[in-house]
Amino acid sequence: MTDNCNQKKDLLVGIPGLRASSPGNWGVDVALAAAVLAVLVAVRPCAPDGDGMYHAGRAIERSFRDGMVAKHPLYAAVLRALYLVLDAVGLRSWVLDAFAIVSCSCGAALYLLLARGLFAPLLRDVGLARIAAIGTLASYGVMQSCCSIETYAPALLCDVALVTACWYWDVATPRGGVLAGGLFVLAVGMHAANVLLAPFLIAVLWLRARNRPWHGAFWAVGTVALGGLMIAVLLAGWPPDLTRLLPHADPEPALGVAGRLGRAAYGWLRTFVWLPPSWELTKFYAAGYAVGLVVVLGLAALVAWRGCALRRRTGVLALASLVAIPFVGMGIAYFPSDPERWLFLVPIAWLVAGWIWADYQPPATAWLTPGVARGMLVVVVAGVAVVNVAVKLWPEARHNRERQGAVRLAAIVQENDLIIAPSQLSLTYQEFVIGRFLNAEILPLDMLMLHEQPHDVKAGQDILRQRVQSALAEGRRVFVTALLGEKLQPGRGYPWAWVEPAGYTPESVLGVLREFQVDEAVPATPEHTGTYRLRPQPRDPDPFDDRFMPP
């Protein structure tokens, strides 16, 4: 029986008769996982980004069912359960930190799954398995998701758990089928993009069940069908609202094929080592990045030249392609420059790197011995981690310019004031990030441009103008925050890249605001965003006053 199971496993890998090595000492891996957890906790951002606040707001402000959305139906439910426990025991103020630590814990668990469960048997080298697992966590896209409030952390963990389960368990048996089917449902529940794992699961199920009775696939298929039905029922509610079952894509900038491919390449690179947006990329950083990329690729080519034998792994490469191809297609089609699009491919990339180093067989007189080559791989992994932490994650863990600006806004705002902001300052943001409720009316421009008037710029301008005029006529104060004095550019950042296809630009909005008298309340600085007060009396434009004009 054992030999049959091993043979079936080996058929999946495409290396008949070759047995996996031991995954190594548990104590070492637990210590490394604890170190990974400590680093992730240390670099968690001091204020969540827009996606993080969206997830946290759904968990805190809505019920379990109302917080479910088709894109990631189960993630907010997990956070809400944690929120209710913390609120009940008097730890409400720690909620956002706890939400981030959920992702940090997923990162530590991801290391253990990769190092011990997946990479160790595939690489048959404990040291390389650990290096490749740490390299996966050190990659910017994975590290950023695993240190913040982000659904991609548990989604990637469930993704890897499913692949690992398919490796160790026969999914054409009741126990293996229920486990694999349940993990697939959980992965899709954390992020709907994981439905792209279906071709992989179907292929593994076929490999396991071939030459056996067809009903062996019932347990996996039935678990997926039952779990999907349960999520659909919870989402739709009663009476059923079928529109809640369809994921809604966010608006994105209009791009041609060349533009998508270029952004996809940019997004793929920044998934491993942080690359700022092109308009923030300095020549010095770009040159250093290019040199580092050439050195790493040259080292990989040199090592691969001496013995890389990927042909012996055609079985697992074929299965990996069933994961990679759908996710590559999604990455090109939808926000290709975002690291999150390519997140699910990072373990595959590091697995291939591990194979290249595992196969390295230099001549006896070569200066690049296997030990030296492995040491250089460790240096590469350490360099990736240091650059990502030092350049991006650590600064964001210590300081957030938008938060500092919001705190200064809260110090001057009064009840019934009107605040015009780029996006919604939600109740969750006010309570947990700013530290107090503003008790003011907030006019978020993203909602105005994307939802109220997404196709009519003039109508959007008229609504904005009327809202300001009405508030001033009622004797209310009007403040503009994080807009004036920010040197905003068309098509850059949120929400301007999203609204550009509709004709909105920063100037089309800020021009309306400059129709009123603009006075500094909190001037914009590199340390914090600015807040400016609008007054009712218009003034003649000063040709020498360019404080709020676009550069």
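Here is a chat about a predicted model, asking what earns each feature its label.

Me: Let's start with the strands. What makes E2 and E4 edge strands?

Reply: The sheet is open, and its 5 strands run in the order E2-E1-E3-E5-E4, with mixed pairing. Strand E2 (441-444) and strand E4 (517-522) each have a single partner strand, so one side of each has no neighbour in the sheet. From one strand to the next, the twist averages 30 degrees.

Me: How do you know that E4 and E5 count as paired?

Reply: Pairing takes at least two bridges between two strands. E4 and strand E5 (residues 531-535) share 5 bridges, so they count as paired, in the antiparallel sense. Within that pair, Glu 520 sits opposite Tyr 532 in E5.

Me: Now the inside. Which residues touch the most other members of the largest nonpolar core?

Reply: Phe 99, Phe 119 and Trp 357 do, in a core of 124 residues. Helix H5 (residues 95-123) is its biggest contributor, giving 17 residues. As for Phe 99, its contacts beyond four places in sequence are Ala 56, Ala 59, Ile 60, Leu 79, Leu 82, Tyr 83 and Ile 149. Apart from that core there is another one, of 28 residues, including Leu 448, Met 449, Leu 513 and Val 518.

Me: Why would nonpolar side chains be buried together?

Reply: It's a general tendency in soluble globular proteins for nonpolar side chains to be buried together.

Me: What makes an empty space a cavity and not a pocket?

Reply: In a cavity, a 1.4 Å probe fits but cannot get out, whereas a pocket is open. By that rule, the model has 2 cavities of 30 Å³ or more. The largest cavity holds about 340 Å³ of space.

Me: Which residues lie nearest the centre of the largest cavity?

Reply: Leu 118, Leu 122, Val 163, Phe 200 and Val 316 do, out of 21 lining residues. Helix H8 (152-168) is among the helices that each supply at least two residues of that lining, and so are H5 and helix H14 (314-333). H8 gives the most, with 6 residues.

Me: And what about the second largest pocket: which element gives the largest share of its lining?

Reply: That's H13, with 11 residues. The pocket has a volume of about 890 Å³. Its lining has 28 residues, with Val 273, Leu 293, Val 296, Val 380 and Val 384 nearest the centre. The elements giving two or more residues are helix H12 (257-272), helix H13 (283-305), H15 and helix H16 (370-398).

Me: Why is Ser 337 called buried?

Reply: The cut-off for buried is under 20% relative accessible area. Ser 337 comes in at 17%, so it counts as buried. Ser 337 lies in the loop between H14 and H15. Beyond four places in sequence, Ser 337 touches Arg 263, Gly 267 and Arg 270.

Me: What makes Phe 335 stand out in its phi value?

Reply: Its phi is near 45 degrees, which is positive, and Phe 335 is a residue other than glycine. Phe 335 is in the loop between H14 and H15. With 10% relative accessibility set against the under 20% cut-off, Phe 335 counts as buried.

Me: Is Asn 416 buried, partly exposed or exposed?

Reply: Partly exposed, because its relative accessible area of 48% falls between under 20% for buried and over 50% for exposed. Asn 416 also has a positive phi, about 75 degrees, although it is not a glycine. You'll find Asn 416 in the loop between helix H17 (401-412) and strand E1 (418-421).

Me: How do you know which peptide bonds to call cis?

Reply: Look at omega. For the bond joining Trp 238 and Pro 239, a cis bond, omega is about -5 degrees. The bond from Tyr 494 to Pro 495 is cis too, with omega near 0 degrees. Pro 239 is in the loop between helix H11 (218-236) and H12, while Pro 495 is in the loop between strand E3 (478-481) and helix H21 (496-499).

Me: One last proline. How far apart are Pro 326 and Leu 196 in sequence and in space?

Reply: They are 130 residues apart in sequence and 5.9 Å apart in space, C-alpha to C-alpha. Pro 326 lies in helix H14. Leaving out neighbours within four places, Pro 326 is in contact with Leu 196, Pro 199 and Ser 321.

Terms used: Residues numbered from 1 in each chain as written. Predicted model: local features only at pLDDT ≥ 70, side-chain atom pairs only at ≥ 80, totals over all residues. Heavy atoms only, no water. Helix = DSSP H or I, 4+ residues; strand = E, 2+ residues; numbered from the N terminus. Axes fitted to C-alpha atoms, helices over the stretch in contact; angles between N-to-C directions. Core = buried A, V, L, I, M, F, W, Y, C linked by side-chain atoms within 4.5 Å. Buried < 20%, exposed > 50% of the residue type's maximum accessible area, 1.4 Å probe, protein only. Contact = heavy atoms within 4.5 Å. 1 Å grid on protein atoms, 1.4 Å probe; cavity = no way out; pocket = protein on both sides within 12 Å on 5 of 7 lines; lining within 4 Å. Points joined across faces, edges and corners; volume = space filled by probe spheres on them.
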